[in-house]
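Q: I would like a close look at one small part of this molecule, followed outward into what surrounds it. Please take it step by step, since I am new to reading structures.

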Amino acid sequence: MALEQAPEWQKVLTDEFSKPYMAVLKTFLQQEKQRQKVIYPHSSDWFHALEATPLSTVKVVILGQDPYHQPGQAHGLCFSVKPGVAVPPSLKNIYKELIDDVNFAVPQHGCLESWAKQGVLLLNAVLTVEQNQANAHQGKGWEQFTDRIVEIVSQQSQHVVFMLWGSYAQKKGAAIDSEHHLVLKSTHPSPLSAHRGFLGCRHFSQANAYLAQHGREPIDWQLPMTLN
């Protein structure tokens, strides 16, 4: 477990890797692999959110819970799936909101990589999961690590938009300094709750208005229509 591919994050997170909780997490993950458990995403993508969005580029933070747990879906960005994989229900609802909010055209995929490259940190609270076992790696240490990431963004960045969808994300965002950042809250975009506040929240246009107001380049929420 290391962050060689994310040097800016490595600089501010080095101390975390030497803390006791991280040793416990490493041991747990090693034991799961020895038991032939299938873990998603692949270990090369555990820190993909940090690799794709350096600290100095962060403009928006979207907090997810844990990775997708079906084969081929997860690649280290919350709500995003690899090209060629069916768009999951929560992401379909995100697309619905984008259509109404920013005149979004629905692409033929569910890969959010272009958002990450523009400064949207797509961070899950838990960075690994066991195949077919949602939330299997909760409470093993990842939450402490990702809490630290949220804290660092809040402390070291200026004028960031935090999108907190659902009670889990809102609890995780409790330490965000709302005087220096914009905190947007709604229900989760899952089919169980999207109609109770997520659909109609207009978070994407609000985010861009805030960024422009503070002299930051807005996000182009439109995804490429096709991916090779």
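What is the relative accessible area of arginine 148?

A: The model is a predicted one, and the values below are computed from it. The relative accessible area of arginine 148 is 23%, so this residue is partly exposed. The cut-off that matters here is 20%, because a residue counts as buried under that value.

The side chain of arginine 148 forms a salt bridge with the side chain of glutamate 151, with 2.8 Å from N to O. Both residues sit in helix 6, which covers residues 142-156; they are 3 residues apart, so about one helical turn separates them. Glutamate 151 has a relative accessible area of 32%, so glutamate 151 is partly exposed as well.

This pair belongs to a network of salt bridges that links Arg148 and Glu151 with Glu16 and Lys19. Within the network, lysine 19 and glutamate 16 form a salt bridge whose closest N and O atoms are 2.8 Å apart. Here the two partners fall into separate classes: lysine 19 is partly exposed at 33% relative accessibility, while glutamate 16 is buried at 4%.

In the whole model, the count of salt bridges is 8. Another one of them joins arginine 202 and glutamate 97, at 3.0 Å from N to O. That pair connects distant parts of the chain, with the two positions 105 residues apart: arginine 202 lies in the loop between strand 6 (182-186) and helix 8 (203-213), and glutamate 97 lies in helix 4 (residues 89-102). Arginine 202 is partly exposed at 31% relative accessibility, and glutamate 97 is buried at 0%.

A charged residue can also be buried without such a partner. Aspartate 45 is buried and has no salt bridge; lysine 82, the nearest side chain of opposite charge, is 4.9 Å away. That pair does not count as a salt bridge because the rule asks for a nitrogen and an oxygen within 4 Å. Aspartate 45 is placed in the loop between strand 1 (39-40) and helix 3 (48-52). Leaving out residues up to four places away in sequence, aspartate 45 touches His75 and Gly76.

Lysine 82 appears again among the contacts of glutamine 73. Apart from neighbours within four places in sequence, glutamine 73 is in contact with Tyr68, Ser80, Val81, Lys82, Val85 and Pro88. Glutamine 73 is found in the loop between strand 2 and helix 4. With a relative accessible area of 15%, glutamine 73 is buried.

Now back to helix 6, where we started. Helix 6 lies across strand 2, strand 3 and strand 5, and runs at about 155° to strand 3. These strands belong to an open sheet of 4 strands in the order 3-2-5-6, with parallel pairing. Strand 3 (120-124) and strand 6 are at the edges, and each has a single partner strand, so one side of each has no neighbour in the sheet. From one strand to the next, the twist averages 20°.

Strand 5 deserves a separate look. Strand 5 covers residues 161-165, and 5 of its 5 residues are buried, so the rest of the structure largely encloses it. In a regular strand, side chains alternate between the two faces of the sheet. In strand 5, Val161, Met163 and Trp165 point one way, Phe162 and Leu164 point the other way, and all are buried.

Strand 5 also has a partner on either hand. With strand 2 (residues 60-64), which runs parallel to it, strand 5 is joined by 3 bridges. Among the residues involved, isoleucine 62 has methionine 163 as its bridge partner, and valine 60 has valine 161. With strand 6, strand 5 pairs in the parallel sense over 5 bridges. There, valine 161 stands opposite leucine 182 of strand 6. The chain passes from strand 5 through helix 7 (residues 167-172) to strand 6, in a right-handed β-α-β crossover.

To return to the question: arginine 148 is partly exposed at 23%, its side chain meets that of glutamate 151 in a salt bridge, and the helix that holds both residues lies across strand 2, strand 3 and strand 5.

Technical notes:
Residues numbered from 1 in each chain as written. Predicted model: local features only at pLDDT ≥ 70, side-chain atom pairs only at ≥ 80, totals over all residues. Heavy atoms only, no water. Buried < 20%, exposed > 50% of the residue type's maximum accessible area, 1.4 Å probe, protein only. Lys, Arg positive; Asp, Glu negative; His and termini not counted. Contact = heavy atoms within 4.5 Å. Pairing = 2+ DSSP bridges. Right-handed = clockwise from strand over helix to strand, strands pointing away. Axes fitted to C-alpha atoms, helices over the stretch in contact; angles between N-to-C directions.
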